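Colleague: Could you take a close look at the aromatic rings in this model for me, and then walk me outwards from there to whatever else catches your eye?

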Amino acid sequence: MAKKNTPKDTEESLSFFGKIAALFKNETIHFVIGLVLVIFSVYLLLAFSSFFFTGAADQSIIDSGNTQVLSSTNNGVRNYAGSRGAQLASYLINDCFGVSSFFILVFLAVMGLKLMKVHPFRLWKWFIGCSLLLIWFSVFFGFTFVDQYKDSFLYLGGMHGYNVSRWLTSQVGVPGVWMILLVTAICFLIYLSARTIIWLRKILSLGFLNRKSKKEEKAEGDIPEEFTDSWTAKGKAPLKTNEIPAADAKGKEKEEDESDSDEDDPAEDEPQNGVMLDLGNTSANNIPAKTAGGAVPLTVEAPKPELVTPAPALDKPAEPTFEVESAEEEEYHGPIKEPYNPRLDLESYHFPTINLMKHYDNAEPTIDMAEQNANKDKIINTLRSFGIEISTIKATVGPTVTLYEITPEQGVRISKIRGLEDDIALSLSALGIRIIAPIPGKGTIGIEVPNSNPKIVSGQSIIGSKKFQESTYDLPIALGKTITNEVFMVDLCKMPHVLVAGATGQGKSVGLNAIITSLLYKKHPAELKFVLVDPKKVEFSIYSVIEHHFLAKLPDGGDAIITDVTKVVQTLNSVCVEMDTRYDLLKAAHVRNIKEYNEKFINRQLNPEKGHKFMPYIVVIIDEFGDLIMTAGKEIELPIARIAQLARAVGIHMIIATQRPTTNIITGTIKANFPARVAFRVSSMMDSRTILDRPGANQLIGRGDMLFLQGADPVRVQCAFIDTPEVAEITHYIAKQQGYPTAFFLPEYVSEESGSDLSDVDLGRIDPLFEDAARLIVIHQQGSTSLIQRKFAIGYNRAGRIMDQLEKAGIVGSTQGSKPREVLCVDESDLEMRLNNLQ
């Protein structure tokens with residue numbers, strides 16, 4: 001009688017098969033199998049390669065099929081892979097697919113590398129491709145070398161190719177077989193790349209144009225060769241297509257691999273990176289007494305890992321572009337199609353490393369439950385003493401400040417709670433608290449209370465954060481951390497100008513260091529230049545060592561850090577000249593902003609011989625603006641207002657800082673053009689209203705505690721602490737690398753009052769570069785001293801003397817303020833006449 005399977009036996013068999021399935025899912029097993037496949041493919045490669053040389057000698061032994069002879073030690077087989085390798089090679093090459101059997105090795109190697117996770121190959125695509133190539137080449141060699149099967153030991157197409165080609169020839173004939181092979185080859189190329197269609201169209205179009213040109217030659221008779229060449233060149237020009245970068249294909253492949261592991265995180269109302277304290281229900285019936293030591297439930301939300309998912313790329317085949325010649329001269333299509341790389345001038349430049357910054361051990365936020373419970377009870381009792389009951393209270397612990405969110409009972413007026421700010425501060429014995437009533441986007445009221453043991457927000461934790469390292473901002477600035485312990489970042493290009501204010505010793509200079517350091521860590525010297533104005537002469541002197549990398553200055557040989565008030569006015573006016581010049585270039589290039597212009601220049605659509613150049617961003621930073629206003633007054637306010645109003649589109653941004661945010665320093669014109677504000681602690685509410693248009697900055701606790709305002713509501717941020725030794729390490733790391741020969745020279749500025757005295761100019765002792773400079777000015781039709789200085793690599797003083805001589809000779813006009821001089825010579829022939837008259 002057959003034994004019935006019990007449920008226990010069934011369960012054991014299922015678990016056995018489950019273990020087998022789990023075994024084959026093990027990554028170690030995958031790696032071992034992949035390694036075996038790779039080694040086996042190398043063994044077959046050795047056998048196949050040796051078969052070409054030793055196959056004739058081994059043919060009689062292998063065809064005999066004597067197992068004892070093949071298994072013996074002295075079998076006489078010469079193949080490098082032994083008798084088994086010789087058998088495999090003879091079977092796969094002669095009896096199967098011929099020399100196309102090498103594609104079997106390719107697929108085995110690819111599958112092995114895939115299992116070993118060496119490279120994320122797409123197995124199905126490689127399987128289809130190798131299979132089609134295996135069959136096609138077998139038929140092709142079998143059809144082409146059909147006579148070779150009679151006298152050779154090697155069948156190039158194998159028996160498969162020989163039999164299939166004979167059958168096809170009997171069905172469609174020799175021409176039909178050739179057509180089938182051609183059509184299948186084209187279809188396979190289209191399967192590999194859609195650009196095959198573009199190449200076929202190009203070949204057919206070229207054949208059509210050549211045939212058409214021959215017909216026209218016969219119809220019109222003899223035509224000079226130069227006209228034929230030029231016509232053919234014009235006929236070919238519209239057929240050029242833009243190349244698709246190979247990186248796109250890699251990006252798409254990477255996206256498909258990553259899309260399997262990405263999961264959508266549900267949006268939550270609570271901050272993810274903050275430490276949340278649920279301080280419980282505090283209704284009137286269950287509010288604990290002041291002396292009660294009840295335990296407060298603690299809920300800590302760990303930061304969730306950020307999943308970086310690239311945006312899906314659209315897989316569109318490139319179409320041939322149609323170009324029509326026009327009279328527009330700015331579109332430049334040179335012979336070099338490789339995009340311009342502005343970083344090539346300093347291609348060996350290395351960005352600063354994170355280990356240059358100091359690491360602080362006490363940077364992570366900690367929770368003092370005794371302090372939190374005490375503050376909770378004091379807030380509840382203080383509000384209750386004024387007749388205000390609250391239903392819930394929750395705490396978010398930040399680096400220096402804890403935010404208590406309270407929900408008042410129905411019928412409680414918000415203005416009543418806002419008026420108790422001083423009373424709550426008195427009961428908490430706090431340095432200063434701030435009430436946010438209500439919190440934007442929430443139905444709660446916030447009370448910000450300073451921590452008794454504040455933590456340091458190090459620059460290393462901000463610069464080394466994933467959010468900063470993976471940011472795609474044009475000019476990223478990492479300021480610090482918010483109350484929820486999230487890294488706070490902004491894009492200077494979108495701000496676009498910043499007003500920084502704060503009393504002495506409250507962290508204003510450290511904040512400027514954080515701004516500059518953020519940009520140094522993310523931008524290449526070819527992409528960014530600083531104009532640093534330091535009336536105090538000591539704040540920015542540490543950055544002077546990177547003059548040849550990141551600093552811009554006037555071309556007069558002075559210091560790169562501007563400290564003299566007269567030089568400040570001249571420098572800011574020079575920045576205005578640079579701004580006007582950039583707008584002229586944007587107008588000529590038919591673009592609206594610096595990003596579009598640089599993209600066009602990188603793609604080589606703008607001709608450098610027409611004056612076009614790659615534009616780096618320029619950031620103007622003024623440390624003590626109040627001192628400049630007192631000494632220069634309106635003379636300095638005018639260029640600052642011009643830059644703030646117009647310079648955003650051309651990549652020029654301004655950051656001004658002052659320790660006296662009064663109305664006579666920060667005027668209405670400046671406030672209107674500086675939408676982004678950073679306020680450190682100030683001494684009075686009036687100063688806070690001047691900088692933020694609201695109170696709050698006077699209630700900060702200092703030491704980097706700040707409010708950032710861009711839009712409706714300010715955000716409280718603890719500024720990153722980057723000390724002077726850290727900045728020195730970073731700047732010396734940059735300074736040790738290769739830099740530019742000089743700093744970035746701003747264009748010259750000559751005021752309307754000052755003019756050159758031509759009576760001292762002697763044309764009998766002209767400069768050796770006089771004639772070359774004259775031709776340069778006439779060709780460019782731009783009378784600029786900085787142009788002569790750049791082209792001939794000479795100093796500013798010599799270039800100025802040459803410009804005075806050109807003016808005395810009547811080649812250029814007199815100075816016109818910030819505008820370039822007028823060129824009086826129309827063309828080079830007019831210039832030659834004037835030079836002959838001088839001689």
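Modeller: Happy to. One term is needed before the rings: a residue counts as buried under 20% relative accessible area, as exposed over 50%, and as partly exposed in between. With 22% relative accessible area, phenylalanine 140 is therefore partly exposed. Please keep in mind throughout that this is a predicted model.

Let me set the scene with the whole chain. Its secondary structure comes to 28 helices and 16 strands, and 43% of its 839 residues count as buried. Among contacts between residues at least 6 apart in sequence, 70% join residues at least 24 apart.

Now the rings. A pair of aromatic rings is described by the distance of the centres and the angle of the planes. The count here comes to 17 aromatic pairs. One of them is formed by phenylalanine 48 and phenylalanine 102, an edge-to-face pair with 5.4 Å from centre to centre and 85 degrees between the planes. This pair links distant parts of the chain, since phenylalanine 48 belongs to helix α2 (residues 27–64) and phenylalanine 102 to helix α5 (residues 102–115), 54 residues apart. The two partners can be told apart by accessibility: phenylalanine 48 has a relative accessible area of 0% and is buried, whereas phenylalanine 102, at 26%, counts as partly exposed.

Phenylalanine 140 has a ring partner too, in tryptophan 178. Their ring centres are 6.2 Å apart and their planes stand at 75 degrees, so this pair is edge-to-face. Phenylalanine 140 is in helix α6 (residues 123–144) and tryptophan 178 in helix α7 (residues 158–192), so the pair ties together parts 38 residues apart in sequence. Tryptophan 178 is partly exposed, with a relative accessible area of 41%. Both residues of this pair also belong to one aromatic cluster, made up of Phe103, Trp136, Phe137, Phe140, Phe141, Phe143 and Trp178.

Another ring has a charge for company: the charged end of lysine 522 sits over the ring of phenylalanine 468, 5.6 Å from its centre.

From the rings, let me move to serine 458. This residue is in the loop between β5 (445–450) and α14 (459–463). Its relative accessibility is 2%, so serine 458 counts as buried. Apart from its neighbours within four places in sequence, serine 458 is in contact with Lys358, Tyr360, Ala720 and Phe721.

Next come the enclosed spaces. Rolling a probe the size of a water molecule over the atoms shows where empty space is left. Here the count comes to four cavities of 30 Å³ or more, and the largest holds about 50 Å³ of space. Its lining consists of Pro399, Thr400, Val401, Lys481, Thr482, Ile483, Asp705, Arg716, Val717 and Gln718. By character, these lining residues divide into four nonpolar, three polar and three charged. Strands β6 (476–482) and β15 (715–719) each supply at least two of them, and β15 gives the most, with three residues.

Further along the chain is helix α25 (residues 770–780), whose buried residues are Phe770, Ala773, Ala774, Leu776, Ile777 and Val778. Their cover includes α26 (785–792), α27 (796–808) and α28 (828–838). Just after α25 comes glutamine 781, with a positive phi near 55 degrees.

That glutamine leads me to the backbone. Most residues other than glycine have a negative phi, and most peptide bonds are trans. Arginine 604, with phi near 60 degrees, has a positive value in a residue other than glycine. Arginine 604 is found in the loop between α19 (594–602) and β11 (617–622), and its relative accessibility of 28% makes it partly exposed. Aspartate 693 likewise has a positive phi, near 65 degrees, and its place is in the loop between α23 (685–692) and β14 (705–709). With a relative accessible area of 48%, aspartate 693 is partly exposed.

Last, there is a peptide bond to point out: the one from methionine 495 to proline 496 is cis, with omega near -15 degrees. Proline 496 lies in the loop between β7 (487–491) and β8 (498–501).

How values were computed:
Residues are numbered from 1 along each chain as its sequence is written. This is a predicted model: local features need pLDDT of at least 70, side-chain atom pairs count only at pLDDT 80 or more; totals for chains, interfaces and linings use all residues. Side-chain values use heavy atoms; hydrogens and water are left out. On a 1 Å grid over the protein atoms alone, a cavity is a set of points where a 1.4 Å probe fits but cannot get out, and a pocket is an open set with protein on both sides within 12 Å along at least five of seven lines; lining residues have an atom within 4 Å of a point. Grid points are joined across faces, edges and corners, and a volume is the space filled by probe spheres set on the points. Helices (H or I, at least four residues) and strands (E, at least two) are DSSP runs, numbered from the N terminus. Ala, Val, Leu, Ile, Met, Phe, Trp, Tyr, Cys and Pro count as nonpolar, Asp, Glu, Lys and Arg as charged, and the others, Gly among them, as polar. Buried means under 20% relative accessible area, exposed over 50%, partly exposed in between (1.4 Å probe, protein chains only). Contact means heavy atoms within 4.5 Å. Rings of Phe, Tyr and Trp (its six-membered ring) pair if their centres lie within 6.5 Å; planes under 30 degrees apart count as stacked, over 60 as edge-to-face and the rest as tilted. A charge sits over a ring if NZ of Lys or CZ of Arg is within 6 Å of the ring centre and within 35 degrees of the ring normal.
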